[in-house]
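Biologist: I'd like to learn how to read a structure like this one, feature by feature. Could you walk me through it?

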Amino acid sequence: MKRHLISAADLTRDDALLILDTAEELAHIAERPIKKLPTLRGRTVVNLFFEDSTRTRISFEAAAKRLSADVINFSVKGSSVSKGESLKDTALTLQAMGADAVVIRHGASGAPYTLANSGWLHGSVVNAGDGTHEHPTQALLDAFTMRRRLSGPDARGGLDGRRITIVGDVLHSRVARSNVLLLATLGADVTLVAPPTLLPIGVETWPCSVSYDIDATLAKADAVMMLRVQRERMNAAFFPTEREYSRRYGLDAKRMAALPDHAIVMHPGPMNRGMEIAAEVADSARSTIVEQVTNGVSVRMAVLYLLLGGSEPAVTTATTTEETTA
Ligand code: NCD
């Protein structure tokens, strides 16, 4: 595996499977009364969030803490970034504090890449969402959820031949891009569904199919992933009205009934209930939305462990490690 995780395209099939299998092992820790391993004791993980986040930030925090790392949460509000401090000076400060890994979310596409390739930091950089570009750990937790739900908890291997439909605001979605790249690596068949105005230029070069018609794809889908309509990134009118969008591209109970019995419904959150997804769909037994959040912690533990932990086994039966060398 590479030292940083910036794009889902950084992962070979073997890398991706190693992360998913490690996450599967680590998921069992969450079932123990004490949900903690000594694996990253003494390592420092900094969560550097320049954009709002609920689940991703707390998920990385929980993941690092469950592996006993020291966690520093840095948010722009209240920091010197609001005084105009540059990414470079922020990074040099983190380096001076001895950060072993920096988890970064930034409004600018490419910020994590800049950080990783700048030489300002010696540690690993993990992209937790950059602009409209990528969100690789979200794609990993989505793949983990699909594999578990579609093939069972002991599943190994990829998602070969699985049909995944991703619907909505692809243009502004870093989740969609990372999912398409990772799912292609894992052998799945992906169809993007969106109004033409919400598809990015160059989407025809992505490893997936594209459709404007949600109803044409549902009957064959193993999973349907709804994307949030990202109003905060919209500077123009991309569709006539919210009602019209919801009618043509929203997932309601009637559309959900067209899915095969085994098919699951996903959403990365936060949801616009009643817009891209009806409340009764979000809360239905097919929905994996809450499970995706739980799985996110295991997947991020696996990523941090594999980037920082080196060759030691992730889960050991021993309760002490230091005493043996004293
Ligand atoms: C996504 C994000 O921030 O990119 N959310 C998340 O990480 N769970 C998707 C979104 O904001 O719609």
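Biologist: Let's start with a strand pairing: which residue in β2 does Phe49 stand opposite?

Modeller: Before I answer, keep in mind that this is a predicted model. Phe49 has Ser75 across from it in β2. That match is part of a longer ladder: β1 (residues 44–49) and β2 (residues 70–75) pair over six bridges, in the parallel sense. Asn47 belongs to the ladder too, with Asn73 as its bridge partner in β2.

Biologist: How does the chain cross from β1 to β2, and what is the hand of the crossover?

Modeller: It goes through helix α2 (residues 55–66), and this β-α-β crossover is right-handed.

Biologist: Which other strand is joined to β1, and over how many bridges?

Modeller: That would be β3 (residues 101–106), which runs parallel to β1 and is joined to it by five bridges. Look for Val45, which stands opposite Ala101 in β3.

Biologist: Is β1 mostly covered or mostly open?

Modeller: Mostly covered, as six of its six residues are buried. Follow the side chains and you'll see Thr44, Val46 and Leu48 pointing one way, while Val45, Asn47 and Phe49 point the other way. Residues on both sides are buried.

Biologist: Now the nonpolar core. What is the general idea, and which residues have the most contacts inside the largest one here?

Modeller: The general idea is that in soluble globular proteins, nonpolar side chains tend to be buried together. In this model the largest nonpolar core has 90 residues, and Leu140, Met146, Ile166 and Leu182 have the most contacts inside it. Helix α10 (residues 289–309) gives the most to this core, namely eleven residues. Domain 1 (8–135 + 292–325) and domain 2 (136–289) both supply residues, so the core lies between them.

Biologist: Which residues does Leu140 touch, leaving out those up to four places away in sequence?

Modeller: Leu140 touches Leu5, Leu11, Ile19, Leu20, Leu182, Val299 and Val303. There is also a second, separate core of 16 residues, and Ile6, Val102, Ala116 and Val125 are among them.

Biologist: How many residues of each domain are in contact with the other?

Modeller: On the domain 1 side 34 residues are in contact with 37 residues of domain 2. The centres of the two domains, taken over C-alpha atoms, are 26 Å apart.

Biologist: On to the rings. How many aromatic pairs are there?

Modeller: The count is three aromatic pairs. Take Phe50 and Phe74: their pair is tilted, at 6.5 Å centre to centre with 50° between the planes. Phe50 sits in the loop between β1 and α2, and Phe74 in strand β2, so this pair ties together parts that are 24 residues apart in sequence.

Biologist: And why is the pair of Tyr245 and Tyr249 called tilted?

Modeller: Planes between 30 and 60 degrees apart count as tilted. The ring planes of Tyr245 and Tyr249 are at 35°, with centres 5.7 Å apart, so the pair is tilted. Both residues lie in helix α7 (residues 242–249), four residues apart, which is about one turn of the helix. Along with Phe239, they form one aromatic cluster.

Biologist: Is Tyr245 buried or exposed?

Modeller: Buried, with a relative accessible area of 2%. Tyr249 counts as buried as well, at 5%. Arg247 is found in α7 too, but at 57% relative accessibility Arg247 counts as exposed.

Biologist: Last topic: backbone oddities. What should I look for?

Modeller: As a rule, most residues other than glycine have a negative phi, and most peptide bonds are trans. In this model, Ser68 has a positive phi of about 70° although it is not a glycine. Ser68 lies in the loop between α2 and β2 and counts as buried at 16% relative accessibility.

Biologist: Is the peptide bond from Gly269 to Pro270 cis or trans?

Modeller: Cis, with omega near -5°. You'll find Pro270 in the loop between β9 (264–266) and α9 (279–282).

How values were computed. Residues are numbered from 1 along each chain as its sequence is written. This is a predicted model: local features need pLDDT of at least 70, side-chain atom pairs count only at pLDDT 80 or more; totals for chains, interfaces and linings use all residues. Side-chain values use heavy atoms; hydrogens and water are left out. A nonpolar core is a set of buried Ala, Val, Leu, Ile, Met, Phe, Trp, Tyr and Cys residues joined through side-chain atoms within 4.5 Å. Buried means under 20% relative accessible area, exposed over 50%, partly exposed in between (1.4 Å probe, protein chains only). Helices (H or I, at least four residues) and strands (E, at least two) are DSSP runs, numbered from the N terminus. Domain bounds come from an automatic or database domain assignment. Contact means heavy atoms within 4.5 Å. Two strands pair if DSSP finds at least two bridges between them. A crossover is right-handed if, with the strands pointing away from the viewer, the path from the first strand over the helix to the second runs clockwise. Rings of Phe, Tyr and Trp (its six-membered ring) pair if their centres lie within 6.5 Å; planes under 30 degrees apart count as stacked, over 60 as edge-to-face and the rest as tilted.
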